[in-house]
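Here's a walk through one protein model, with a bound ligand, a sheet and some helices to look at. Keep the picture open as you read.

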Amino acid sequence: MLVTSLLNRKLANPAVLASGILGTAALLLKYVEECGAGALTTKSCNLRGREGFQNPTVVSTEHFMLNAVGLSNPGVEEEQETVRALKKKTKAPIIGSVFESAPETFAEVTSKLAEAKPDFIELDLSCPHLSKEKGFAGYGDFSSNPKAAAEVVEKVKEACKLPVFAKLSPNCASIAEVAQACEGAGADGITAINTAKGMAINAELKSPVLSNKSGGMSGPALKPIAVKCVYDVYGAVEIPIIGTGGVLNGKDAIEMMMAGASAVGIGSAVYWRGFRVFSLISEEMRAWMKENGYTSTKQLVGAAHE
Ligand SMILES: Cc1cc2nc3c(=O)[nH]c(=O)nc-3n(C[C@H](O)[C@H](O)[C@H](O)COP(=O)(O)O)c2cc1C
C-alpha cells in the first residue's frame, strides 16, 4: 500500500530521511533504515569540507527549530566512503547531497560523489545561512534566482549521469519559476523545501541567539509554507517532487503527497518523535488510507489538484 517510486527506483514507503539531520555516519543512516525510512539522504558535502559555525547553532521551541550549523562536513572524499559503506549495508535508495559555491565546483563535487554510486544526487542550492559569508558570496542564493539555479543544474548534468534532484528554497519570488528553470536545465526531480530564513532574539541579552545571528527554520511552523511550495511546483513541472518541511506525522505526509509530492522528506521530526518516527509515519499513513478508502500512494500524489 505504501510503496512509492522516485523515477526508476521503488521506495518501500514515502518517508525519506532529509539531508543534514543525522550527520554523515553510515552506521547511523543504516539505523534510520531499520527505523523505517524509505530512502536516505546524506548530509550535504562540498569539495574540501567545512567546520561550520560556532555554538549556539540551534534553538528550538515547540513550534519550530532554527539552525545555523553552517554546513559542517568532512569533505567529499570522506562522504564517498560513507556512501560506499552505506551501499553495502542498506536496500533503501541513497540520495547523495552536495553543495558548492559556483556551478563549476558544483559539477566537480557531484562527479566525485557520483563515483561512490548513490542512487540519486541532491543539489543543495538553497542553504539559507551562507549567502553573505566570505568566500561564499552568492552561495545559498542559487535557488532564489531561476537563471542561477538552472546554470548549476546544467553544469552538473553535463558532468554526471546520475538522476539529479534540485533542492529549492522558499526564500524566493516564485518557487514554481525556479523549479521550471531547473527542469528545463535537465533536473530529474525537485526537493522542496529547504529551511526558511529566520532569527530568534534573546531579549535579556538584547542579541540574536544564534552565533550566526540568523538561521534556517524547520519543523511544524514550516509545514504550510512547504505545502504551498510543493503545490506550486507540482503545477509547474512534470518531474517528481520530494516534499519536505514540517512533516511530523502520517496525516502531514498525506497532505504533502496530495499537494504533489511523490515522497516526503522527514527532518526535524526526528528531534520531536525520535528515530522511530519513520515507521510511526508509515503506520499512521496506512491507518488513514484504510479508513478513507485509499489503496495506493499513487492515488494521493497531486490529489488536491483535481
Ligand atoms: C540541523 C539541520 C541541518 C540541516 N542540514 C542540511 C544540509 O546539510 N543540507 C540540506 O540540503 N538541508 C539541510 N537541512 C534542511 C532539511 O533537510 C530540511 O529541508 C528542512 O529541515 C525542512 O524539513 P523539516 O521541517 O522536516 O526539518 C538541515 C536541517 C536541520 C534542522
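## Starting at Gly-267

Let's begin with one glycine in this predicted model. Setting aside the neighbours within four places in sequence, Gly-267 is in contact with Ala-18, Ile-21, Ser-218 and Thr-244. You'll find Gly-267 in the loop between strand E16 and helix H8 (269-273).

Is Gly-267 buried or exposed? Gly-267 has 24 C-beta neighbours inside 10 Å, and 20 or more are needed to call a residue buried, so Gly-267 counts as buried. For a feel of the spacing, take Ile-242: Gly-267 and Ile-242 are 25 residues apart in sequence, and their C-alpha atoms are 12 Å apart in space.

## Around the ligand

Gly-267 turns up again here. Of the 27 residues around the ligand, the ones that come nearest are Ala-18, Gly-20, Ser-218, Gly-267 and Ser-268. Two elements give two or more residues to this shell: strand E6 (65-67) and strand E16 (263-266).

What kinds of residues make up the shell? By class, there are 15 polar, nine nonpolar and three charged residues.

## A four-stranded sheet

Strand E6 also belongs to an open sheet of four strands, in the order E5-E6-E14-E11, with antiparallel pairing. At the edges sit strand E5 (58-60) and strand E11 (196-199), each of which pairs on one side only. From one strand to the next, the twist averages 35 degrees.

Now zoom in on the pairs. E6 and strand E14 (residues 214-218) run antiparallel and are joined by three bridges; here Asn-67 has Gly-216 in E14 as its bridge partner. E11 and E14 are antiparallel too, with four bridges, and Ala-196 stands opposite Met-217.

In a regular strand, side chains alternate between the two faces of the sheet. You can see an alternation along E11: Ala-196 and Gly-198 point to one face and are buried, while Lys-197 and Met-199 point to the other and are not.

## E9, covered on both faces

Strand E9 (164-168) makes a nice contrast with E11. Five of the five residues of E9 are buried, so this strand is largely enclosed by the rest of the structure. On one side are Val-164, Ala-166 and Leu-168, on the other Phe-165 and Lys-167, and all are buried.

E9 has parallel partners. Strand E8 (residues 120-124) is joined to E9 by four bridges, with Glu-122 opposite Phe-165. Four bridges also join E9 to E10 in the parallel sense, where Leu-168 stands opposite Ala-192.

## Helices H5 and H6

Helix H5 (residues 175-184) is mostly covered, with seven of its ten residues buried. Among them are Ile-175, Val-178, Cys-182 and Glu-183. The cover over the buried residues of H5 includes helix H4 (146-159), strand E9, strand E10 (189-192) and helix H6 (223-236). Just after H5, Gly-186 takes a positive phi of about 115 degrees.

How far should the 14 residues of H6 span? At 1.5 Å a residue, the expected span is 20 Å, and the end C-alpha atoms of H6 are 20 Å apart, which agrees. The buried residues of H6 include Ala-226, Cys-229, Tyr-231 and Tyr-234. What covers the buried residues of H6 includes H5, E10, strand E15 (241-244) and helix H7 (250-259).

Definitions and conventions
Residues numbered from 1 in each chain as written. Predicted model: local features only at pLDDT ≥ 70, side-chain atom pairs only at ≥ 80, totals over all residues. Near = placed C-beta within 6 Å. Nonpolar A, V, L, I, M, F, W, Y, C, P; charged D, E, K, R; others polar. Pairing = 2+ DSSP bridges. Axes fitted to C-alpha atoms, helices over the stretch in contact; angles between N-to-C directions. Buried ≥ 20, exposed ≤ 12 C-beta atoms within 10 Å, placed from the backbone. Contact = placed C-beta atoms within 7 Å. Expected span 1.5 Å × (residues − 1).
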